[in-house]
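Reader: Hello! Could you take me through one part of this model at close range, strand by strand, and then show me how the helices pack? I would enjoy a connected account rather than a list.

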Amino acid sequence: MSIVATPALARLRGRFPAPASTRVLVHRGTCGDAVDVGGVVEVLRAALGTRASSVVETACDGACWAAPAATVVRPGHRHRFARLDREPLEAVVACLGGACEDAYAGSGERGLLARVGHLDGSLADALAQGAYLALAHAVTRKPDEVIEAVQRAGLSGRGGAHFVTAQKWRLAAANAGPRMLVVNAEEGEPGVFKDRHVLEGDPHRLIEGVLIAAHAAGIARAVIYVNGQARNARRAVDLAVTQAREAGLLDGSALGGTGVQIEVRSGAGGYVCGEESVILNSIEGERPVPRTKPPFATDRGLFDRPTVINNAETLCAATTVFDDPPPPTKLIPLSGAVPRPGLYEVPVDGITAWSGVLAMAGANPQRVRALLLGGPSGRFVLPEEFDVPLDMRGLGAGGVVVLPLDVDIPRITRALAAYNARESCGECTPCREGTPRLVALLEDASANRAQIDALIEVMTEASLCQLGGLAGKPVASALALFPQDFEAAR
Amino acid sequence: MADVLPYDVAAPEAAARLAEATRAVEAHPREKTALLPALLDAQHVLGWLPRPAIERVAAWVRVPVSEVYATATAYSELRLERPDPAVWHVCTGVACDLAGAEALLAASPGRTARIDCQFLCALAPVVADPHERLVGRVTAEGLRARLGAAPVESPR
Ligand SMILES: Cc1cc2nc3c(=O)[nH]c(=O)nc-3n(C[C@H](O)[C@H](O)[C@H](O)COP(=O)(O)O)c2cc1C
Ligand code: SF4
Ligand code: FES
């Protein structure tokens, strides 16, 4: 970003001591903890002796494949050491002393992920690495101008439905206040682990996005709704909200802008509980089922107030839209049969295609049968499509599982259908009755093809929410692309 | 979940545990909007939501018990039955299935159950221990070793 600090931001930064410029970041967090990074930290501290205090525990930086991992940071220099369960720690110690080349193997473009896994958890460190720069500028502009910038950058919803963000903010702003903002960080779609990485690793990015939206749409109160299992993300967001409040960022006293009250809540699971109107019901203490629309949330949402509901990544991306923004990026949580599974930030620039994403993850496209894009609400992507430039509209929430050549497509298809049947909330008939029926018909998909097609049509057209509306999508995709697999499975 | 046994209605400390859960519930405002946060806090203390806990929440936020049950059953992470403290959950989501989840289940019959995606897909296959701590890149031998090392914490 070419913009420089405003005087107010410079004053805020000046209130904190500068963080150490040389340190060893151990990527702890949910990913590191799942592979016993704690043991590595102890050995590393011992090996560093008097320099043990330079060890900083931080979150996963998106290179999940590398865990347990550490990054040595010296002025102008970063070097990540992967798989410290297999690699000797001496190299880390030597690097801290200056003996290593800059060989940072990052996970793609460094936009939203720039600070993820590189922060010590303090507001000072976040500020030193650029947090609240976009907000400092946004508050010097009129709300309309901020919405205009969001519009020009082409920002659209990253939660799956791709709604134009500027339009959503405008619709809410046109209604009388007080207005609400609900941050959807429920992230309950199987295969998706992007929001929790950003929240865990750089929670101030989200709060900055919330404050920008609050200024633009005149929001009085924001509720950040975090997935119940993502405990580290919740903890990081709680801490960051407290830090931001104490620094005067939430009441506008530090940088300007409208005061906004922020509350953090946890969800309790269930795929449908990520659907926006279900979250509204959940926060109000109602049964977590979808609401009929209209009324739309921007007219009558949380507690009947005009409400903007945005995915966490959408709000994080709102921090990147000012002054000559780079092409939009999408966070792609990628897993399956690849050497380097993890979280990738991919430019959606009309050039980058799946082949580029697979290359980042170290995959040989010739060993890939297909991608599963969007899990139980998604579709399969064949190698023919790997060189077609990515289109934001087709990416959904971005979850990708790379399927190897010997993958059992009918088995995966049945598993996705069964998942949807389990997760159906039962509120509407097409989905409640249709999802288990689809599972039954898939027992002999070839013979039942006509019935499956008819059932999917009903579910797509008549379901109350998109859980049922999209439940047939991966099934239809599998049957269209891999008919021979289903024939062979009879 | 804390490192404690799931609440046992017959245990000597049952009343104290329930009192602690009640205190957590009553720290919330007496409003319907506190329903889920109160349920989560009660479960955090008890490990699950026995009927007395549901009743405490219902009374506190002034919602009928039947409605609290209707809500609680809709969230997959709220437990209305006492969890088995010996059982580990093996993720059988797509990435974990590709990485050999079935072999993990087969390697430890009786001590494992299936669970949907745990959102740690890049470290597949993934299991969750009885305290819901996630372990990634699990092998069958590794799981057996962990099961052997983890004492069963209560009579089964
Ligand atoms: C079954 C279902 C699950 C959903 N889960 C999520 C989710 O976990 N996170 C999310 O941001 N949006 C989810 N959505 C989409 C939301 O309803 C909504 O479109 C989104 O939060 C809007 O924010 P955006 O415009 O910033 O994308 C889900 C939708 C459906 C139908
Ligand atoms: S489509 Fe399915 S999940 Fe959505 S409201 Fe209907 S039954 Fe519930
Ligand atoms: S599929 Fe196992 S963690 Fe996602």
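Author: Happy to! Let us begin with the sheet in chain A of this predicted model. It is an open sheet of 5 strands, arranged in the order β10-β9-β13-β11-β12, and the pairing is mixed. At its edges stand β10 (342-347) and β12 (379-381) of chain A; each has a single partner strand, so one side of each is left without a neighbour in the sheet. From one strand to the next, the twist averages 35 degrees.

Now zoom in on the β10 edge. There, β10(A) pairs with strand β9 (residues 329-336) of chain A in the antiparallel sense, over 6 bridges. Within this part of the sheet, Glu345(A) in β10(A) has Leu331(A) standing opposite.

A helix also belongs in this picture. Helix α15 (residues 409-423) of chain A lies across β11 (368-373), β12 and β13 (400-404) of that chain, and runs at about 150 degrees to β12(A).

For helix against helix, turn to α10 (residues 203-217) and α11 (residues 231-246) of chain A, whose axes come within 9 Å and cross at roughly 55 degrees. That angle makes α10(A) oblique to α11(A), and the crossing is right-handed. On the α10(A) side, the contact is made by Pro203(A), His204(A) and Ile207(A); α11(A) brings Ala236(A), Val237(A), Ala240(A), Val241(A), Gln243(A) and Ala244(A). Sorted by character, the residues of this contact are 7 nonpolar and 2 polar, with no charged ones.

Conventions: Residues numbered from 1 in each chain as written. Chains lettered and ligands numbered in written order. Predicted model: local features only at pLDDT ≥ 70, side-chain atom pairs only at ≥ 80, totals over all residues. Heavy atoms only, no water. Pairing = 2+ DSSP bridges. Helix = DSSP H or I, 4+ residues; strand = E, 2+ residues; numbered from the N terminus. Axes fitted to C-alpha atoms, helices over the stretch in contact; angles between N-to-C directions. Contact = heavy atoms within 4.5 Å. Parallel < 35°, antiparallel > 145°, perpendicular 65-115°, else oblique. Left-handed = near helix turned anticlockwise from the far one by under 90°. Nonpolar A, V, L, I, M, F, W, Y, C, P; charged D, E, K, R; others polar.
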